[in-house]
Amino acid sequence: MAKTSTDFFEKVYDIVRQIPYGKVTTYGAIAKALGAAKSARTVGYAMNASHQYDDVPAHRVVNRNGVLTGKHHFPGTRVMQQMLEAEGVKVKDDKILNFEQHLWTPKVKN
């Protein structure tokens, strides 16, 4: 992995570690906060690689519509959903119910 990718991934992880319990954010919101608004897909790559870190709550990152698009990167069939539900986030058909209520937006870096 290139140094710049590693640096970007670490910045993503720093933001993800800030997501409050019971809240979620989106790939795009993280990218925007990092000043790279068109890099949501790269944020997704970072999240796919994050499972080696116990302190990165990857289950709290979803797509812009509240869909659990990263669920297949968790062991088991419903692990991402179970982790969110344990925090009080209701999920139906792989989509967060009352998404706006649970959405946390990271601060944009200047």
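Aspartate 94 has a relative accessibility of 26%, which places this residue in the partly exposed class. The model described here is predicted. The points below cover its four salt bridges, its largest cavity, its largest pocket and the helix H4.

**Salt bridge between lysine 71 and aspartate 94**

- Aspartate 94 is joined to lysine 71 by a salt bridge between their side chains, with an N to O distance of 2.5 Å.
- Lysine 71 sits in the loop between S2 and helix H4 (79–86), while aspartate 94 sits in the loop between strand S3 (91–92) and strand S4 (95–96), so the salt bridge ties together parts that are 23 residues apart in sequence.
- Lysine 71 is also partly exposed, and its relative accessible area is 32%.

**Salt bridges of arginine 17**

- Asp14, Arg17 and Asp55 belong to one network, joined by salt bridges that share partners.
- One salt bridge of this network pairs arginine 17 with aspartate 14, and their closest N and O atoms are 3.2 Å apart.
- Another pairs arginine 17 with aspartate 55, where the closest N and O atoms are 2.8 Å apart.
- The pair of aspartate 55 and arginine 17 links distant parts of the chain, 38 residues apart. Aspartate 55 is in the loop between helix H3 (40–48) and strand S2 (61–62), and arginine 17 is in the loop between helix H1 (3–16) and strand S1 (25–26).
- Each member of the network is partly exposed: aspartate 14 has a relative accessible area of 42%, arginine 17 has a relative accessibility of 31%, and aspartate 55 has a relative accessibility of 44%.

**Largest cavity**

- Rolling a probe the size of a water molecule over the atoms shows where empty space is left.
- The whole structure contains one cavity of 30 Å³ or more.
- The largest cavity holds about 60 Å³ of space.
- Its lining is made up of Tyr27, Met47, Asn48, His51, Ala58, Val61, Gly70, His73, Phe74 and Met80.
- By class, six of these lining residues are nonpolar, four are polar and none is charged.

**Largest pocket**

- The largest pocket holds about 270 Å³ of space.
- This pocket is lined by 14 residues, of which Tyr27, Ala40, Arg41, Gly44 and Thr69 are the closest to its centre.
- Helix H2 (27–33) and H3 each give at least two residues to the lining of the largest pocket.
- H3 provides the largest share of that lining, with five residues.
- The lining of the largest pocket consists of three nonpolar, nine polar and two charged residues.
- Tyr27 appears in the lining of the largest cavity and is also among the residues closest to the centre of the largest pocket.

**Helix H4**

- The buried residues of H4 are Met80, Gln81 and Leu84.
- Viewed down the axis of H4, these buried residues fall within an arc of 95°, so they line one face of the helix.
- An α-helix has 3.6 residues a turn, so residues three or four places apart point the same way.
- The strands S2, S3 and S4 are what the buried residues of H4 pack against.
- Met80, one of the buried residues of H4, is also one of the residues that line the largest cavity.
- Glycine 88 follows H4 and has a positive phi, near 90°.

Conventions. Residues numbered from 1 in each chain as written. Predicted model: local features only at pLDDT ≥ 70, side-chain atom pairs only at ≥ 80, totals over all residues. Heavy atoms only, no water. Buried < 20%, exposed > 50% of the residue type's maximum accessible area, 1.4 Å probe, protein only. Helix = DSSP H or I, 4+ residues; strand = E, 2+ residues; numbered from the N terminus. 1 Å grid on protein atoms, 1.4 Å probe; cavity = no way out; pocket = protein on both sides within 12 Å on 5 of 7 lines; lining within 4 Å. Points joined across faces, edges and corners; volume = space filled by probe spheres on them. Nonpolar A, V, L, I, M, F, W, Y, C, P; charged D, E, K, R; others polar. Arc of directions from axis to C-beta. Contact = heavy atoms within 4.5 Å.
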